[in-house]
Amino acid sequence: MVESLARDLVCIDCGAVSPLGYRLECDKCRGLLELRYDLDRLRAKGPALFAGPGLWRYAAVLPVGDAAHRVTLGEGGTPLLECPRLARQLGVRRLLLKYDGSNPTGTVKDRTSATAVGAALQFGYTATSVVSSGNAGSSIAAYSARAGLRSLIFAYERASAPKLLHMSATASDLIIYKGVYDDLITLWDRLVEERLFFDCGASRNPYKHEGKKTLAYEIAEQSGWAPPDVVVAPVAVGETFIATARGFRELRDAGLIARLPRMVAAQATRANAIARAFRDGTAITPIKIGYTVAEGLAAGSPGRKGDWVLRLLREHDGLAADAEDQEILDAQRLVARAEGIWAGPTGVATVAVLKRLLEGRQLDPAQTICAIISETGLKTEAALPSREGTAFDLDSLRRLVVERLSGRGRPG
Ligand SMILES: *Cc1c(COP(=O)(O)O)cnc(C)c1O
Ligand SMILES: [Zn+2]
């Protein structure tokens with residue numbers, strides 16, 4: 001069994017150290033806590049510490065000590081795809097897409113669900129809960145069922161039909177809330193303190209947050225420990241961004257990679273509190289949001305994690321930008337046609353933002369750029385193409401085939 005190198009929890013604000021345990025904030029200053037590992041051991045043993053497939057390949061740098069608690073549905077180990085045609089269309093020399101839609105419930109959330117539900121088992125909880133626009137809810141419900149835990153899932157009233165179907169199938173309790181994520185999360189976060197359930201939310205729990213760090217480990221290992229120059233990550237509350245950035249820092253500190261990729265935070269314009277603060281050089285002002293097609297990015301008040309993202313962007317020469325809903329939908333078609341990757345709008349917001357940054361010459365097209373595609377398109381609801389059918393005989397069928405295939409080159 002691979003042992004966990006997790007050592008303690010450190011406050012990101014005052015640096016106070018606490019022992020490992022189910023803690024949500026610093027005792028001294030209420031700052032957020034971050035897990036810290038024995039990186040000297042990682043440096044000494046290197047990739048030999050990693051074994052097996054998927055997310056738990058990196059169990060040494062995850063905080064779930066007992067192998068019996070490492071709940072899995074086969075998450076992680078998602079493909080890092082070379083995308084030459086899309087690269088040409090965007091005008092960048094080399095483009096890689098990290099396609100997380102191939103996770104068990106179709107989104108990046110399965111990475112955090114694995115460590116959240118694993119930690120719930122580790123700390124002896126029998127119930128989990130989360131407030132979700134759809135993806136986290138369906139993922140936490142699935143992983144809780146897999147671990148034999150009760151799940152209390154609060155889902156957004158405008159969540160897509162496939163997400164609702166998935167949640168109602170897997171959750172032990174599904175509750176629909178009125179309004180957007182921001183409206184319920186503050187209340188729910190207060191309830192977390194009463195310890196009625198294990199916190200599977202994005203606001204504070206350092207154990208949940210941790211699973212998404214494996215994105216960095218995978219991208220680094222899949223590129224032969226020479227990661228891309230730039231990594232574009234989606235940002236709602238900031239878990240994906242923060243965890244991925246720290247994964248790369250751990251790898252650098254342990255000497256497994258030589259330098260850090262530049263991190264780009266991608267948001268939807270209708271929920272762009274962090275990108276806006278970055279551009280204006282100010283602190284984050286929470287914004288009142290309505291609907292965005294990037295449902296998974298619909299958080300207007302990212303809280304203390306948002307501040308953390310902003311701090312990382314400023315300390316490490318990052319970049320933040322956003323894209324309008326129409327640009328995101330255009331990117332969805334582009335990625336599907338150019339590379340055969342069918343991702344949901346939330347999943348391709350990174351590509352829409354990347355396109356904008358390249359057009360605005362804010363990124364160097366000679367660099368190797370990686371964009372995280374965080375969800376499948378199969379959980380999206382959208383207008384259907386026409387279902388009007390044609391009845392064929394052999395002649396009309398041949399005519400159609402010949403006509404369609406004549407005179408057109410290869411797509412893209
Ligand atoms: C939740 C989610 C994100 C990003 O959320 P963070 O809280 O910033 O990590 C990105 N993509 C998808 C598909 C999501 O469901
Ligand atoms: Zn503190």
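Which residues come nearest to ligand 1? In this predicted model, in which local features need pLDDT of at least 70, side-chain atom pairs count only at pLDDT 80 or more and totals for chains, interfaces and linings use all residues, 15 residues surround ligand 1 (a heavy atom within 4 Å), and K109, A236, G238, T240 and S374 come nearest. Residues are numbered from 1 along each chain as written, chains are lettered from A and ligands numbered from 1 in the order written, and side-chain values use heavy atoms, without hydrogens and water.

The shell around ligand 1 comprises five nonpolar, six polar and four charged residues, where Asp, Glu, Lys and Arg count as charged and Gly is among the polar ones. Among the polar contacts (N or O pairs within 3.5 Å), an oxygen atom of ligand 1 lies 2.5 Å from a side-chain N or O atom of T240, and a nitrogen atom of ligand 1 lies 2.6 Å from a polar side-chain atom of S374. Of the 380 Å² that ligand 1 exposes when taken alone, the protein buries 97% (Shrake-Rupley method, 1.4 Å probe).

The zinc ion (ligand 2) has as protein donors (N, O and S atoms within 2.8 Å of the metal, or 3.2 Å for Na, K and Ca) the SG atoms of C11, C14, C26 and C29, at 2.3 to 2.4 Å, spaced C-x2-C-x11-C-x2-C in sequence. The arrangement is tetrahedral because the four donor atoms subtend angles of 99 to 117°, all between 85 and 135 degrees.

How values were computed. Polar contact = N/O pair within 3.5 Å; in protein donor to acceptor, adjacent residues only side chain to side chain. Tetrahedral: all angles 85-135°; square planar, octahedral: opposite > 155°, others 65-115°.
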